[in-house]
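Work through the exercises below with the sequence and the model open beside you, and try each task before reading its solution.

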Amino acid sequence: QVQLVESGGGLVQAGGSLRLSCAASGRTFSLAAMGWFRQAPGEEREFVADIDWLSRSTRSTNYEDSVKGRFTIFRDNAILYLQMTDLKPDDTATYYCAARASPTGVMEYWGKGTLVIVSS
């Protein structure tokens, strides 16, 4: 089992920046990929970004189109980060960290989320 705990959310003005963190514990050595998803009020949860371990020396990152060039996903040991810049009111949502041990497919583990509010 893997446990994920997000932090770093808060209230920020449009154009500002935030860094979200996700601390992973448990069988983290078994993980093949981690990512961030978000859910705005009244909306369905959507993909934001993920990072996939293709091998020990290469990693693949993917981003949802609306965050490309503004958000950066990266990992440092057992902590996953999402650096968010040039934030927009449409980025307001609860952000969830997720992970999977399987090489492909859906995320198996989820955190409880951290709320990001971007004011205009």
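**Exercise 1. Place arginine 75 and describe its surroundings.**

Arginine 75 lies in strand β7, where strands are DSSP runs of E with at least two residues, numbered from the N terminus. Before going further, note that this is a predicted model, in which local features need pLDDT of at least 70 and side-chain atom pairs count only at pLDDT 80 or more, while totals for chains, interfaces and linings use all residues. Residues are numbered from 1 along each chain as its sequence is written, and side-chain values use heavy atoms, with hydrogens and water left out.

Next, look for contacts, meaning heavy atoms within 4.5 Å: not counting residues up to four places away in sequence, arginine 75 touches Thr28, Met34, Trp53, Arg59 and Leu80. The side chain of arginine 75 also reaches the backbone oxygen of asparagine 77 at 2.7 Å. Finally, compare positions along the chain and in space: arginine 75 and threonine 92 are 17 residues apart along the chain, and their C-alpha atoms are separated by 23 Å.

**Exercise 2. Find where asparagine 77 lies, and state whether it is buried or exposed.**

Asparagine 77 belongs to the loop between β7 (71-76) and β8 (79-84). With a relative accessible area of 64%, asparagine 77 is exposed, since buried means under 20%, exposed over 50% and partly exposed in between, using a 1.4 Å probe and protein chains only. Its phi is near 55 degrees, a positive value in a residue other than glycine.

**Exercise 3. Describe the two faces of β11 and identify its partner strands.**

Begin with a rule: in a regular strand the side chains alternate between the two faces of the sheet. In β11, the covered face carries Thr114, Val116 and Val118, whereas the uncovered face carries Leu115, Ile117 and Ser119. Leucine 115 has 45% relative accessibility and therefore counts as partly exposed.

Now turn to pairing, which requires that DSSP finds at least two bridges between two strands. Strand β2 (residues 10-13) runs parallel to β11 and is joined to it by four bridges, and within this pair glycine 10 has valine 116 as its bridge partner. β9 and β11 run antiparallel and are joined by three bridges, with threonine 94 partnering leucine 115.

**Exercise 4. Trace the salt bridges of arginine 38, and explain why its pairing with aspartate 91 ties together parts that are apart in sequence.**

Side chains of opposite charge can pair when their charged atoms come close. A salt bridge here is a side-chain nitrogen of Lys or Arg within 4 Å of a carboxyl oxygen of Asp or Glu, and the structure holds six of them. Arginine 38 forms one with glutamate 46, the closest N and O atoms being 2.7 Å apart, and another with aspartate 91, where the closest N and O atoms are 2.9 Å apart. Because arginine 38 lies in strand β4 (residues 33-39) and aspartate 91 in the loop between β8 and β9, this second pair ties together parts that are 53 residues apart in sequence.

Then check accessibility: arginine 38, at 5%, counts as buried, as does aspartate 91 at 2%, whereas glutamate 46, at 34%, is partly exposed.

For another salt bridge, consider lysine 88 and aspartate 86, whose closest N and O atoms are 3.5 Å apart. Lysine 88 is partly exposed, with a relative accessible area of 36%. As a last step, salt bridges that share partners join Arg38, Glu46, Arg70 and Asp91 into one network.

Methods. A polar contact is a pair of N or O atoms within 3.5 Å; within protein, one must be able to donate a hydrogen and the other to accept it, and residues adjacent in sequence count only if both atoms are side-chain atoms.
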